[in-house]
Amino acid sequence: MERREFLGLLSLLGATGTTGLFGQRGAQEQQLAGQLTEHTLPPLPYSYDALEPYIDTRTMELHHTKHHQAYVDGLNRAERELARARASGDFTYVEYWSKKAAFNGGGHFLHSLFWNVMGPPGRGGGGEPTGLLRQLIEQGFGSFEAFKRHFSAAALAVEGSGWALLHYRPADGRLIVLQAENQHKLTPWGAIPLMGIDVWEHAYYLKYQNRRKDYIEAWWNVVNWAQVEQNLHTAMGK
Ligand code: MN
């Protein structure tokens, strides 16, 4: 049933004084302790073919509508189960659902970031960073070229599935490059991701097969540096 129809039905029942459905709905809510966020798949800021020829249309479609959607669904499920556990007092599976919440929450967050730090080549994607971002990259890594080599090497060397990520660390105001295994491992507390490349095979296998190195090289042509700099400003609180 559509939500609109459901709400319509509720008001109809309310108008006729029927309380059965309200009672049932109340009982369902009582099984959850605390309010839940309904996480949703964010729309892509460009079309599925916008990153061609570097990232192919089919990969983008599957990656966004299937893989990212699965993380959104998994996060909603995990948070619902934890709310149910709080309500019932039965925490038998708290370890399992906590892990699911971290894995899927990491996936949802990182993919949302990933779409945003890419753009159509020549129209927002590619080129080089400027401004404060450029300055902090040169301070932290020596040069933009040295940063690129470091970041690419980190991406290439992720063991299994994961990410290379550029973070801002508020504690000392520096940029740091790290890897993440899966969607959530190997990241220290207090570092804010500004950009990342997904090196799970689902991100590149259709076009590049096992050639992760070629995919990483191509990826630099779609990096949206203006958005990365915006993320830096947000992380710095200005
Ligand atoms: Mn992915």
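Student: In which hand does α3 pass α4, left-handed or right-handed?

Tutor: Good place to start, and keep in mind that this is a predicted model. Here α3 passes α4 in a left-handed crossing. The axes of α3, residues 57-88, and α4 come within 8 Å and cross at roughly 145 degrees.

Student: How do the residues of the contact of α3 with α4 divide?

Tutor: They split into 13 nonpolar, eleven polar and three charged.

Student: And how does α6 pass α8, left-handed or right-handed?

Tutor: That pair makes a right-handed crossing. The axes of α6 (residues 144-156) and α8 (residues 212-219) come within 10 Å, crossing at roughly 145 degrees.

Student: Which residues of α6 and α8 meet?

Tutor: From α6, look for Phe151, Ser152, Ala155 and Leu156; they meet Arg212, Lys213, Ile216 and Trp219 of α8. This contact has five nonpolar residues, one polar and two charged.

Student: Now for pockets. How is empty space found?

Tutor: A probe the size of a water molecule is rolled over the atoms, and this shows where empty space is left. In this structure, the second largest pocket has a volume of about 340 Å³. It is lined by 13 residues, and those closest to its centre are Gly106, Gln183, His184, Thr187 and Trp189.

Student: Which elements give two or more residues to that lining?

Tutor: Those are α4 (94-116) and β1 (162-169). The most comes from α4, with three residues.

Student: Which domains does the lining draw on?

Tutor: Domain 1 (3-45 + 53-116) and domain 2 (131-235) each supply at least three residues. By type, the lining holds eight nonpolar residues, five polar and no charged.

How values were computed
Residues are numbered from 1 along each chain as its sequence is written. This is a predicted model: local features need pLDDT of at least 70, side-chain atom pairs count only at pLDDT 80 or more; totals for chains, interfaces and linings use all residues. Side-chain values use heavy atoms; hydrogens and water are left out. On a 1 Å grid over the protein atoms alone, a cavity is a set of points where a 1.4 Å probe fits but cannot get out, and a pocket is an open set with protein on both sides within 12 Å along at least five of seven lines; lining residues have an atom within 4 Å of a point. Grid points are joined across faces, edges and corners, and a volume is the space filled by probe spheres set on the points. Helices (H or I, at least four residues) and strands (E, at least two) are DSSP runs, numbered from the N terminus. Ala, Val, Leu, Ile, Met, Phe, Trp, Tyr, Cys and Pro count as nonpolar, Asp, Glu, Lys and Arg as charged, and the others, Gly among them, as polar. Domain bounds come from an automatic or database domain assignment. Axes are lines fitted to C-alpha atoms, for helices over the stretch in contact, and angles run from 0 to 180 degrees between N-to-C directions. A crossing is left-handed if the near helix is turned anticlockwise from the far one by less than a right angle, and right-handed if clockwise. Contact means heavy atoms within 4.5 Å.
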